[in-house]
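Open the structure in your viewer and keep the selection tool at hand. This tour goes stop by stop.

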Amino acid sequence: MHRDREGFRGFIALGEREEPRLPEHGVVGMTYGYRSLRGQWWRDAVARELDRRARRRWLANAYELVEIAVHPDFQSRGIGGVLVEHLLEGRPESTCVLSTRTDSRAHELYDRLGFEVITEMTFTPGGAPFYVMGKVLG
């Protein structure tokens, strides 16, 4: 389970009670991540795509932003950015890495937060293309 991995942390964003279209449970966003280590499927798949220098720079001491989601009615309000900032606050790792589909608008959020594209790849033969992105921490 992801929650059992080293460095796991997660956050949720709750909407204001007066907010129209607030989901019944009140949760409007969430994010989580953990330390990215050799032997984890995603990290090893990305490592195979990178040259030695890029692997050392981005994966040697990395935190993995695994998931972020904001309810569609609450997007473009800064919630995603705040969630990511809280997730990464005080992390001891040198970098944060993630992947996002190239046809998603999510990479625009990551661009604004200082992430850069490390590579573009697919995770399965014939699968959708993803950007692998990274940000230097600290």
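The stops below cover a sheet, some aromatic rings and a pocket. Keep in mind that the model is predicted.

**Stop 1: the sheet**

Show the cartoon and colour the strands. Six strands form an open sheet, with mixed pairing. Trace them in the order 1-2-3-4-6-5. Which are the edge strands? They are strand 1 (9–14) and strand 5 (116–122), and each pairs on one side only. Now look at how the strands are turned. Neighbouring strands of this sheet make an average angle of 25° with each other, direction ignored.

Next, select strand 1 and strand 2 (residues 27–36). They pair in the antiparallel sense, over six bridges. Pick out Arg 9 as an example: its bridge partner in strand 2 is Gly 33. Strands of a sheet pair through backbone hydrogen bonds.

**Stop 2: a tilted ring pair**

Switch on the aromatic side chains. The model has five aromatic pairs. Select Phe 8 and Tyr 32. Their ring centres are 5.6 Å apart and their planes meet at 40°; planes between 30 and 60 degrees apart count as tilted, so this pair is tilted. The two residues come from distant parts of the chain, 24 residues apart. Phe 8 sits in the segment before strand 1, and Tyr 32 belongs to strand 2.

Is Tyr 32 buried or exposed? Tyr 32 has a relative accessible area of 17%, under the 20% cut-off, so it is buried. Phe 8 is partly exposed, at 34%.

**Stop 3: an edge-to-face pair**

Move on to Phe 123 and Phe 130. This aromatic pair is edge-to-face, with 5.2 Å from centre to centre and 80° between the planes. Phe 123 is buried, with a relative accessible area of 18%. Phe 130 counts as partly exposed, at 21%. Add Trp 41 and Trp 42 to the selection. Ring pairs link these two with Phe 123 and Phe 130 into a cluster.

**Stop 4: the largest pocket**

Turn on the surface. The largest pocket has a volume of about 550 Å³. To find the pocket, select Val 70, Gln 75, Arg 105, Ala 106 and Leu 109, which lie nearest its centre among 23 lining residues.

Which elements give two or more residues to the lining? They are strand 3 (62–70), helix 3 (79–88), strand 4 (95–101) and helix 4 (106–112). Strand 3 gives the largest share, six residues. Finish by colouring the lining by class: eleven residues are nonpolar, seven polar and five charged.

Methods
Residues numbered from 1 in each chain as written. Predicted model: local features only at pLDDT ≥ 70, side-chain atom pairs only at ≥ 80, totals over all residues. Heavy atoms only, no water. 1 Å grid on protein atoms, 1.4 Å probe; cavity = no way out; pocket = protein on both sides within 12 Å on 5 of 7 lines; lining within 4 Å. Points joined across faces, edges and corners; volume = space filled by probe spheres on them. Helix = DSSP H or I, 4+ residues; strand = E, 2+ residues; numbered from the N terminus. Nonpolar A, V, L, I, M, F, W, Y, C, P; charged D, E, K, R; others polar. Pairing = 2+ DSSP bridges. Axes fitted to C-alpha atoms, helices over the stretch in contact; angles between N-to-C directions. Phe/Tyr/Trp six-rings, centres within 6.5 Å; stacked < 30°, edge-to-face > 60°. Buried < 20%, exposed > 50% of the residue type's maximum accessible area, 1.4 Å probe, protein only.
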